[in-house]
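This report goes through one protein model, from a single residue to the sheet, the pocket and the overall dimensions. The sequence and structure come first.

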Amino acid sequence: MAVLDRDHETIPEAYRGVAAAGILLNIEVEDVDAVHAQLVGAGLLKAVAPIRSEDFGQRHFIVAAPDGVLVDVISPIEPAGEFAAHAS
């Protein structure tokens, strides 16, 4: 995965400078905390939603690419609370 400036030369010319809106790309990784440290902790990207664990069974954070695409970086975890009863 690459997070590029919308005017980067590798983007096809017809798509350069165009901002994306309403897109949330989910990417599942083995260790979301390690990826968070590499990207956010190192100052490469700013999290628009902090790293957190969700009762429905995800640990994740969200960053915004320069073109406005939101990238939700996720690792599955055990569900908790009311969601644990429905886990198989």
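In which helix does H36 lie? H36 belongs to helix α1, which covers residues 32-41. The model is a predicted one, and every value below is computed from it.

**Overall architecture**

The secondary structure amounts to 1 helix and 4 strands. Their order along the sequence is β-α-β-β-β. The C-alpha trace extends over about 50 × 25 × 20 Å along the principal axes. The radius of gyration is 15 Å, whereas a compact globule of 88 residues would have a value near 12 Å. Of the 88 residues, 23% are buried. Among contacts with a separation of 6 or more, 42% are between residues 24 or more positions apart.

**The helix**

Is H36 buried or exposed? H36 counts as buried because its relative accessible area is 18%, under the 20% limit for that class. Once neighbours within four places in sequence are set aside, H36 has contacts with G41, I51 and F61. G41 is itself part of the range 32-41 that makes up α1. I51 falls within the range 47-54 of strand β2, and F61 falls within the range 58-64 of strand β3.

**Strand pairing**

The pairs of strands are set out here.

| Pair | Sense | Bridges |
|---|---|---|
| β2 (residues 47-54) and β3 (residues 58-64) | antiparallel | 5 bridges |
| β3 and β4 (residues 70-76) | antiparallel | 7 bridges |
| β1 and β4 | parallel | 5 bridges |

Individual residues mark the register of these pairs. Between β2 and β3, A49 stands opposite I62. I62 also has a bridge partner in β4, namely D72. A64 is bridged to L70 of β4. In the parallel pair, E28 faces I74 of β4.

Both antiparallel pairs are hairpins. The hairpin of β2 and β3 has 3 residues between the strands, and G57 in its turn has a positive phi of about 110 degrees. The hairpin of β3 and β4 has 5 residues between the strands, with G68 at a positive phi near 100 degrees.

**Strand β4 and its surroundings**

Why can β4 be described as largely enclosed by the rest of the structure? The description holds because 5 of the 7 residues of β4 are buried. Strand β4 pairs with β3 in the antiparallel sense and with β1 in the parallel sense.

L70 is a residue of β4. With a relative accessible area of 31%, L70 is partly exposed. Beyond its neighbours within four places in sequence, L70 is in contact with I23, L24, L25, V48, I62, V63 and A64. The C-alpha atom of L70 is 8.7 Å from that of A21, although 49 residues separate the two along the chain.

V48, one of the residues that L70 contacts, is located in strand β2. Which residues does V48 touch, leaving out those up to four places away in sequence? They are I62, V63, A64 and L70. The C-alpha atoms of V48 and A64 are 6.6 Å apart, with a sequence separation of 16 residues. The residues I62, V63 and A64 are thus listed as contacts both for V48 and for L70.

V29 sits in the loop between β1 (24-28) and α1. Its contacts, apart from neighbours within four places in sequence, are V35, V73, I74, S75 and P76. V29 and I74 are 45 residues apart in sequence, and their C-alpha atoms are 6.0 Å apart. I74 is also the residue that E28 stands opposite.

**The largest pocket**

What volume does the largest pocket have? It comes to about 230 Å³. The pocket is lined by 16 residues, and L4, I11, A65, D67 and V69 are the closest to its centre. By class, the lining consists of 13 nonpolar, 1 polar and 2 charged residues.

Conventions
Residues numbered from 1 in each chain as written. Predicted model: local features only at pLDDT ≥ 70, side-chain atom pairs only at ≥ 80, totals over all residues. Heavy atoms only, no water. 1 Å grid on protein atoms, 1.4 Å probe; cavity = no way out; pocket = protein on both sides within 12 Å on 5 of 7 lines; lining within 4 Å. Points joined across faces, edges and corners; volume = space filled by probe spheres on them. Nonpolar A, V, L, I, M, F, W, Y, C, P; charged D, E, K, R; others polar. Pairing = 2+ DSSP bridges. Helix = DSSP H or I, 4+ residues; strand = E, 2+ residues; numbered from the N terminus. Rg over C-alpha atoms; globule rule 2.2 N^0.38 Å. Buried < 20%, exposed > 50% of the residue type's maximum accessible area, 1.4 Å probe, protein only. Contact = heavy atoms within 4.5 Å.
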